[in-house]
Amino acid sequence: MDRLKDTLTRISAQMRVLTVSQRLVVALCTALVVVSVLWLLKWSAVPQRVAVLEQDFDYARLSSAEAALRANDISFETIGQRVYVRAEDQDNAIRVLHESDAVPQDGRIDLDALIKDTNPFLPESERVFARTVAKGNKLAQIIRSNPLVADAEVVLNPEQKRRLGAPPDVPTASVIVTLKPGSEMTPAMVQGFASLVSGAVSGLKAPNVSIVDGRTFRHYAVPSPEDAVAQGLLDEMKRHEAHLLAKVVETLKYIPNVLASVTVDLDNTTQTTETQRFDKPEVSKEESFEESSSRAESPAEEGVYANVGTGISGGSGGGTSSTERRSTDFADAKLAEKKSVVQFAPGRKRVTASVKVPRSWIVSVFKVGKPEVEKPTEKDLEPVAAQERARIQASVAKTLMTDAKDVEVDVYPDTDAQGVALNAALGAALPSSSSAGATGSDAWGAVGTYGPQAGLGLTALIALFIMARIAKKSAALAAQGSETSRRGGDGLDALVAEETAEVLGTAEFSEEALEGKEVSPETLKSRNLVAQVSKLVEKDPHGSAELLRRWVQEQT
């Protein structure tokens, strides 16, 4: 600290002798150095990032890619429509995006940009083989980035050949994955590995990628489009049934121990229904005209004639007729409304449900209205059961948006006529041998369930007992050592007092270096003799003077 203070003092003294312009230059240079150091520190703290794929993501898959990377704790940065990660995380990021189905639409990986080119002087066939092996090794490295994978190997066959009269050769690939102990292959991992490998080879389809577990040699593969449709339909049916069953259970949660099941029949066809409505046609043209005609007749002669009318026209016979006609033209009716309804596959063709209500709940509902009846009979419960069945049937039908006839509601007996639970009555009716067997089985079950916990507790108690014994023994040894120290303390204090020299002073701090001088044995002996004589003089001056006088007399 003193040295730093001296340095600052010298710097301030040197700055005082400088002019104003010189001080300004020094200050600017110092600021430039400080800013440069801070920028270097900030630049060194930011990791270098590379693009996960040399392709642009569409915005929908870009959001999925960001969510997948964030869920796997991979640091990333989005610039435009590309995602950048640290160079050491690139393989893991590629694997995560394929397992999450968040790669671009074409699903291709530009491994040629990730693999450095080989010797350009090699023949073309050897160069193709070398790059194929390099692609397989790079894909295996990406697969090994999965935390559940211990090792992986990828073998690619990118050959495509057309044959006359025979099926063409298509690209294939084999992936051998060795998982870590305790890990199992999941459908998501199979889909991700197949998508990763097929996206790296032109013309390779995911169903043609064979995945083998390196430990069990079990084969996995992505289903073909035909098989995927059936599997997808089954999964979609299960999803619909689980969703509707959850809604039914939520609707009937006020009934304890209710049982329910839902069955969905899916329609795997896409239907389009168009509805058109036209306005009333309008009159565009209307015409009306009348036609008339007349003719002359001779006077009638005497005699018998048919019963016909007689016309009177002056003095001679004749007749006149007229006809009126109308003509109306209508314009084409205008289209008022056009509606198209498209039902995409799979759609729900029919939904049925089955609900089982416990008898004990029916009894509780009955006792709400008639609490004085302690043990109702089946005849007493029938009206209440019918009423509740109808109510539940209508509620479930409305929840499932189906017809009430497709909902079956029934009462299952969880209690007998006396109100005793059937499982308790069944347990009381079991033979003694069965009860003994059940007791033995329950005992072994309890041992299997609580055995590890009990063993761990016993081990902890044994360890605690051993630690208590060690602590007790250590306390006894410590007490014995303390007694020994107490007994020998007086002699030790006397010895320390005897050997302790007088304190002459405290040495001061000095920055000057001490010089080491060599001392001969004679010089050291003389110094010791002088020191002893000095002590003797201080203790017994008269005796020391007499001794010196004798030495002088002997020498003379």
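Which side chains meet in a salt bridge of 3.3 Å, N to O? In this predicted model, the side chains of Lys-138 and Asp-91 do so. The legends below begin with this pair and continue with other close-up views.

**View 1. Salt bridge between Lys-138 and Asp-91.** The pair links distant parts of the chain, with Lys-138 located in helix H6 and Asp-91 in helix H4, 47 residues apart. Lys-138 is buried because its relative accessible area of 15% falls under the 20% limit. Asp-91 is likewise classed as buried, with a relative accessible area of 11%. A search of the whole structure finds 13 salt bridges, and the bridge shown here is formed across 3.3 Å, N to O.

**View 2. Packing of helix H4 against helix H6.** Helix H4 comprises residues 90-99, and its axis lies 8 Å from that of H6. The two helices pack at an angle of about 80 degrees, which means that H4 is roughly perpendicular to H6. On the H4 side, the contact is made by Asp-91, Ile-94 and Arg-95. H6 contributes Lys-138, Gln-141, Ile-142 and Ile-143. By class, the residues of this contact divide into 3 nonpolar, 1 polar and 3 charged.

**View 3. Packing of helix H6 against helix H7.** Helix H6 spans residues 124-144 and helix H7 spans residues 187-198. Their axes come within 11 Å and cross at roughly 155 degrees, so H6 is roughly antiparallel to H7. The crossing of H6 past H7 is right-handed. Leu-139, Ile-142 and Ile-143 of H6 meet Phe-193, Leu-196 and Val-197 of H7 in the contact. The contact of H6 with H7 has 6 nonpolar residues, with no polar and no charged ones.

**View 4. Salt bridges around Arg-86.** The side chains of Arg-86 and Glu-88 meet in a salt bridge of 3.9 Å, N to O. Arg-86, Glu-88 and Asp-89 are linked in a network of salt bridges. Arg-86 has a relative accessibility of 28% and therefore counts as partly exposed. Glu-88, at 58% relative accessibility, counts as exposed.

**View 5. Salt bridge within helix H10.** Arg-391 and Glu-388 both lie in helix H10, which covers residues 378-400. The two residues are 3 residues apart, about one turn of the helix. Their side chains meet in a salt bridge of 3.4 Å, N to O. Arg-391 counts as partly exposed because its relative accessibility is 45%. Glu-388, in contrast, counts as buried at 6% relative accessibility.

**View 6. Loop residue Asp-73 with a positive phi value.** Asp-73 is found in the loop between helix H3 (59-71) and strand E2 (76-79). Phi of Asp-73 is near 55 degrees, a positive value in a residue other than glycine. The relative accessible area of Asp-73 is 73%, so this residue is classed as exposed.

**View 7. Loop residue Asn-257 with a positive phi value.** Asn-257 occupies the loop between helix H8 (225-251) and strand E10 (259-267). Phi of Asn-257 is near 60 degrees, which is a positive value in a residue other than glycine. Asn-257 is exposed, as reflected in a relative accessible area of 57%.

Notes. Residues are numbered from 1 along each chain as its sequence is written. This is a predicted model: local features need pLDDT of at least 70, side-chain atom pairs count only at pLDDT 80 or more; totals for chains, interfaces and linings use all residues. Side-chain values use heavy atoms; hydrogens and water are left out. Axes are lines fitted to C-alpha atoms, for helices over the stretch in contact, and angles run from 0 to 180 degrees between N-to-C directions. Helices (H or I, at least four residues) and strands (E, at least two) are DSSP runs, numbered from the N terminus. Angles under 35 degrees count as roughly parallel, over 145 as roughly antiparallel, 65 to 115 as roughly perpendicular and the rest as oblique. A crossing is left-handed if the near helix is turned anticlockwise from the far one by less than a right angle, and right-handed if clockwise. Contact means heavy atoms within 4.5 Å. Ala, Val, Leu, Ile, Met, Phe, Trp, Tyr, Cys and Pro count as nonpolar, Asp, Glu, Lys and Arg as charged, and the others, Gly among them, as polar. A salt bridge is a side-chain nitrogen of Lys or Arg within 4 Å of a carboxyl oxygen of Asp or Glu. Buried means under 20% relative accessible area, exposed over 50%, partly exposed in between (1.4 Å probe, protein chains only).
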